[in-house]
Amino acid sequence: MATASPSLISAFVSQTRSPCSPAPSHLRRYSGAGRGDVVGFRAVAVARRSRGASFFTRAVASPETGVQKEEKASGEVLEEEGVVLPTNESSERLLRIRHTCAHVMAMAVQKLFPTAKVTIGPWIDSGFYYDFDIEPLTDKDLKRIKKEMDRIVNRNLPLVREEVSRDEAQRRILAINEPYKLEILESIKEEPITIYHIGNEWWDLCAGPHVDSTGNIDKNAVELESVAGAYWRGDEKNQMLQRIYGTAWETQEQLKAYLHYKEEAKRRDHRRLGQDLDLFSIQDDAGGGLVFWHPKGAVVRHLIEDSWKKVHIQHGYELLYTPHVAKVDLWRISDEKYQLRPMNCPYHILIYKRKLHSYRDFPIRLAELGTVYRYELSGSMHGLFRVRGFTQGVLDLTEEILLQFGFMKYEVNLSTRPEKSVGDDDIWEKATTALQDALDDKGWAYQIDEGGGAFYGPKIDLKIQDALGRKWQCSTVQVDFNLPNRFDISYVDSNSEKRRPIMIHRAILGSLERFFGVLIEHYAGDFPFGFLPPKPAFSPSPTTRFLLSSNRHHPCIVDYCNEVLSQLKSSGVRAELCQGERLPKLIRNAEKQKVPLMVVVGPKEVETRTVTVRSRFSGELGNMALGDFIGRIQVAVENRARL
């Protein structure tokens with residue numbers, strides 16, 4: 001949180017300059033398109049194994065071409081065929097294919113299940129879906145539906161647009177007994193009503209667009225992915241429907257690339273990696289949506305927090321710690337009840353109100369990594385991405401901090417005044433212009449989100465782009481006229497008159513929990529040295545000469561390991577001693593835990609006072625003096641590189 005007079009907003013918001021690639025505007029014809037906060041992806045690369053060799057890959061976007069590349073980490077040569085995946089925004093043809101596929105699927109379902117009732121069928125970022133009032137479907141049913149879709153495509157049936165009156169549309173809907181279509185018709189305000197027919201056999205209320213005929217669809221570039229439950233109109237009080245998700249592309253090559261992308265996204269899923277790497281858990285016994293940070297995850301959190309605090313202090317922020325609970329009437333007018341805080345801002349206002357402020361004090365920079373709690377519906381929670389307890393950060397040097405964590409590409413949106421808002425036109429215009437000037441000063445390209453601002457002021461939202469090209473809402477800058485009025489805070493201007501300040505709410509990381517989830521998926525659990533110092537695992541080498549039993553090692557080797565461990569820790573390198581198993585198993589365990597470096601110590605290393613190093617990414621690095629090893633780690637950390 002920060003407070004400032006209107007004239008300071010632009011200068012305060014823009015403090016660093018760096019170009020940012022423009023992002024396409026988002027086309028939405030239906031609500032509910034997409035899942036979670038992922039906006040979409042641009043491209044992937046399809047990689048094959050070369051001569052049977054296995055390799056670790058990381059998706060990297062090429063700024064010149066936009067094509068994702070696969071970056072090798074084991075030394076093998078990669079054979080690639082790059083495929084640029086279009087989006088609904090970049091290809092109207094793709095959008096028409098996906099929308100038509102939704103209709104073809106609905107027609108196929110009603111041919112196979114005549115009693116099924118249809119609802120809505122929008123396109124989404126990766127394809128389409130349609131909701132049906134039908135008995136629960138199985139994977140076997142999906143295969144039957146896909147075969148029927150293929151038959152419809154092969155028949156090359158025309159898509160015909162028709163305009164009818166509202167009364168005629170109602171008559172036709174009643175004739176085929178489609179209650180959900182009747183409800184949809186009631187929500188349509190414009191006339192005439194448009195209907196799309198597939199041949200003379202099936203029709204639906206629709207505004208389009210569609211391809212000319214089903215034959216324009218490549219059936220081999222379409223796949224039905226899954227089925228899930230969904231309430232009608234998203235209301236849990238309504239009927240539970242069956243939602244079939246499908247993906248559709250212009251070509252088979254695009255579908256193949258998408259499926260590769262999907263598998264890569266599955267490999268990076270933070271929920272699985274969080275469990276496999278023992279980073280965090282969400283315990284049902286404690287309650288859904290509450291995150292338990294395990295030791296390894298807590299170390300990452302500590303490093304994120306430490307970096308965040310260091311940057312803020314360097315740039316003039318004063319850190320705060322405030323209570324987790326307060327009277328309800330701090331958040332709303334009520335009785336003397338207490339509740340867990342859903343936001344940090346009111347606490348910061350109370351601190352501001354303790355004394356009278358002068359215009360010379362501005363801007364006042366207050367920052368807190370404060371844990372807040374909000375009730376989320378159980379069905380909407382998703383690992384670390386949507387939880388009930390989370391920790392918010394405050395925004396100043398967003399770009400500087402995001403760069404530390406390897407995020408260099410983001411989409412920027414300027415959200416303007418919504419229909420329901422507070423404040424007069426003049427202050428809204430000044431605040432919006434100030435944010436525009438700030439973005440222009442930074443040299444950032446941005447798009448306008450008309451009416452997307454908060455009710456209390458306009459805002460800038462940043463969506464960071466991860467290694468797969470997905471975009472995640474994390475950072476935000478919000479101008480607030482409302483809270484200063486409601487809490488009656490003021491400052492004294494140069495004429496000794498009281499004025500109302502404007503607040504600027506800022507969040508760099510959104511929440512630590514969510515940001516950590518994005519980090520896990522961005523790096524697939526392989527965190528770089530640059531912001532997370534490595535944690536080598538030191539394994540005494542069990543040789544026949546020094547192995548006393550299956551789980552004991554010669555004391556001299558263990559003593560030397562502890563000596564090496566102590567020197568590494570004193571140099572700021574996190575390390576641990578692993579023993580009790582044979583060397584191959586210790587290496588397998590370290591690989592599974594994505595430990596970046598392993599040091600094998602045996603009698604030879606004890607005698608020569610050296611270490612033998614193995615890198616998870618580069619393989620065997622050979623024998624080296626301990627000082628040289630520590631020096632190489634420090635250089636790798638400084639250059640954000642891997643050994």
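## Exercises on a predicted model

The protein has 18 helices and 34 strands. The structure is a predicted model.

**Exercise 1.** Determine what share of the residues is buried and what share of the contacts links distant positions in the sequence.

*Solution.* Step one concerns burial: 53% of the 643 residues count as buried. Step two concerns contacts with a separation of 6 or more, of which 70% are between residues 24 or more positions apart. Step three turns to the surface: about 30,200 Å² is exposed, and carbon and sulfur atoms supply 49% of that area.

**Exercise 2.** Check whether the span of helix α8 agrees with the expected value, then list its buried residues.

*Solution.* Helix α8 covers residues 295-314, which is 20 residues. The expected span is 1.5 Å times one less than the number of residues, so α8 should span 28 Å. Its end C-alpha atoms are 28 Å apart, in agreement with that value. The buried residues of α8 are Gly297, Val300, Arg301, Leu303, Ile304, Glu305, Ser307, Trp308, Val311 and His312. After the helix comes Gly316, with a positive phi near 85°.

**Exercise 3.** Describe how helices α2 and α3 pack.

*Solution.* Two packed helices are described by the angle between their axes and the distance between the axes. For α2 (residues 92-112) and α3 (residues 139-154), the angle is about 115° and the axes are 9 Å apart. Angles of 65 to 115 degrees count as roughly perpendicular, and therefore α2 is roughly perpendicular to α3. Their crossing is right-handed. Residues of α2 that meet α3 include Cys101, Val104 and Met105; among their counterparts in α3 are Arg144, Ile145 and Glu148.

Terms used: Residues numbered from 1 in each chain as written. Predicted model: local features only at pLDDT ≥ 70, side-chain atom pairs only at ≥ 80, totals over all residues. Heavy atoms only, no water. Helix = DSSP H or I, 4+ residues; strand = E, 2+ residues; numbered from the N terminus. Buried < 20%, exposed > 50% of the residue type's maximum accessible area, 1.4 Å probe, protein only. Contact = heavy atoms within 4.5 Å. Areas by Shrake-Rupley, 256 points an atom, 1.4 Å probe, with all protein chains shown as cover. Axes fitted to C-alpha atoms, helices over the stretch in contact; angles between N-to-C directions. Parallel < 35°, antiparallel > 145°, perpendicular 65-115°, else oblique. Left-handed = near helix turned anticlockwise from the far one by under 90°.
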